[in-house]
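User: Please choose a single part of this model for a close look, and set it in the context of what surrounds it. I would like one connected account rather than a list.

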Amino acid sequence: MTRFLSPLIAIVVGLLVLLGYFLPNNELLAGLRTTFTQWAVILAAAALLVGILNLLTVHIKKISAKEKGSFYSLLLIISLLITLSVGLFAGKDSSAMQFAFTAFILPVESSLLAIMVVTLIYAGIRLLRYRNDLMAFVFLITVLVIMLGTAPLPFVELPLVGSVIRPFIISVFSTSGARGILLGVALGTLLTGLRVLIGADRPYGGK
Amino acid sequence: MQTVPNLAGLTLVIFSFILLLGLFLLKDRVKASFRDIPAFRKFDQAIGTAVEDGTGIHFSLGSSGITNPRTATSFAALSLMRHAAEFSAASDQAPIATSGDVTLTILSQDNLRAAHYFAGAEQSYKANSGRLAGVTPFSYAAGVLSPIYDENISANILVGGFGVEAGLLSDAAARKQSFILAATDSIPAQAVLYASASEPLIGEELFASGAYLETGRAHLVSLYVQDVLRWLIVAALIGGAAMKLAGL
């Protein structure tokens, strides 16, 4: 039964939401679109609880099997429970929650972003090992020119790089390339959506 | 209300829909001839090797989820995962999927379960094969590093809605000398993945994966429709530029 019901619900709701988006002056369709979108938000919020349970299950299993890195799993569970308790009892806007954000989450994520810099430099060096072709050389030279034109260099200022070459690359080559890619992505998005609407693609799984 | 853009959008959708349905009904009259994308060939080889070796396949589906404008990217990633999981479900080590959004986690579990069912390996499906790794982009990246390093993975498929944090994942996968297929819709992330992944997909190649991997006729036909629409856009751009030059 669900084999037919799930696609049917997905197709009908998808079509109504799409029509509600394109025909906002039609009160019935616009109203249905708002209602369905609100339902989706409520479902997504409820799904968060399932996600937390999934996270706990995965890490509890890791700890009980004494797998590699299980200490970090323990740390994750303790942090999760502490943050959850503080959020539930003190409120999400409390100073304790703000402290958790500014003292732990923000610095850790900023550190990961900083590691990215090193990772990308290493990836740039490794690129020629993966692809020893013209496009890889063009990519690396462009990166180098943009960086030289952007970064403040001590004692020296390269003529034309920051004032002419870098703006030219960004406004002509980079922008036109990005637009081409975005157009392709937009068409891909449109057709993926249509495949779901005709029931040919079923990302909601099922047997 | 923006009536003209809305009607233009609706016309484009209806035109694409008719084209998609028309070509779909033409069945075998539409023959496939696409340019070669080596990443897809190597992807099939990597899946085969993983199944033979008994090593794992890891699908990293990104953190964009299904309640925002990047939903189609997540759907394309799920479709690719489903296809590969059906081939590898009966392997000694079942495939795993990590995501940075709970709705995507649930869908990944559902798709993995269905893939195991179709592969006749329902008993080897584990509920924690589809995992939530973190709910912000960088916490997701940190959460995914653990399976990449610790779980005997030989193929990492980084496909979905990523940002630049994807660089951390592809770097970790490269250190483990595993196969990396990477694709996303974000332009900065594509630049990062071009530099760091062995097999990156650029632009809309992610959305062509279904056609290249022969997951179904609808994927093949939709790629044709994409090409038709692309040529129409090219014609419109050139026509617009010519009209502007002519002072119209």
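Analyst: Helices and strands are taken here as DSSP runs, with at least four residues for a helix and at least two for a strand, and they are numbered from the N terminus. The model is a predicted one, and everything below should be read in that light. On this basis chain A has six helices and zero strands, its elements following one another from the N terminus as α-α-α-α-α-α. For the 207 residues of chain A the globule rule gives 17 Å, and since the radius of gyration is 25 Å, well over that value, the chain is more spread out than a compact globule. Its C-alpha atoms fill a box of roughly 70 × 50 × 35 Å along the principal axes, and buried residues amount to 15% of the chain. Of the contacts in chain A with a separation of 6 or more, 24% join residues that are 24 or more positions apart.

The part I have chosen for the close look is strand β1 of chain B, residues 56-62. Seven of its seven residues are buried, and the strand is therefore largely enclosed by the rest of the structure. One of its partners is strand β4 of chain B (residues 153-161), with which β1(B) pairs in the parallel sense over six bridges; here B:I57 stands opposite B:A155. Another partner is strand β2 of chain B (residues 96-99), which runs parallel to β1(B) and is joined to it by three bridges, and in this pairing B:H58 stands opposite B:I96. Between β1(B) and β2(B) the chain passes through helix α3 of chain B (residues 71-88), forming a β-α-β crossover that is right-handed.

Helix α3(B) also leads to the wider packing. The largest nonpolar core has 85 residues, and those with the most contacts inside it are B:M81, B:L158, B:V159, B:L169, B:L181 and B:A182. The largest share of this core, nine residues, is supplied by α3(B), while domain 1 (36-215) and domain 2 (217-248) of chain B each contribute at least three residues to the core. The C-alpha centres of these two domains lie 32 Å apart. Taking B:L181 as an example, and setting aside neighbours within four places in sequence, its contacts are B:A39, B:F43, B:I157, B:V159 and B:E199.

It remains to place this region against the other chain. The contact between the chains involves 58 residues of chain B and 55 residues of chain A. On the side of chain B, the elements that each supply at least two residues include α3, α4 (102-118), β3 (130-132), α5 (137-150) and α9 (217-245), and the largest share, ten residues, comes from α4(B). From the side of chain A, A:E109 in helix α4 of chain A (residues 95-130) can serve as an example. With residues up to four places away in sequence left out, A:E109 touches B:T136 and B:F138. A:E109 has 17 other C-beta atoms within 10 Å, and because a residue counts as buried at 20 or more and as exposed at 12 or fewer, A:E109 is classed as partly exposed. Within its own chain, A:E109 is 49 residues away from A:I60, and the C-alpha atoms of the two are separated by 24 Å.

Methods: Residues are numbered from 1 along each chain as its sequence is written. Chains are lettered from A and ligands numbered from 1 in the order in which they are written. This is a predicted model: local features need pLDDT of at least 70, side-chain atom pairs count only at pLDDT 80 or more; totals for chains, interfaces and linings use all residues. The radius of gyration is taken over C-alpha atoms; the globule rule is 2.2 Å times the number of residues to the power 0.38. Two residues are in contact if their C-beta atoms, placed from the backbone, lie within 7 Å. Domain bounds come from an automatic or database domain assignment. Two strands pair if DSSP finds at least two bridges between them. A crossover is right-handed if, with the strands pointing away from the viewer, the path from the first strand over the helix to the second runs clockwise. A nonpolar core is a set of buried Ala, Val, Leu, Ile, Met, Phe, Trp, Tyr and Cys residues joined through C-beta atoms within 7 Å.
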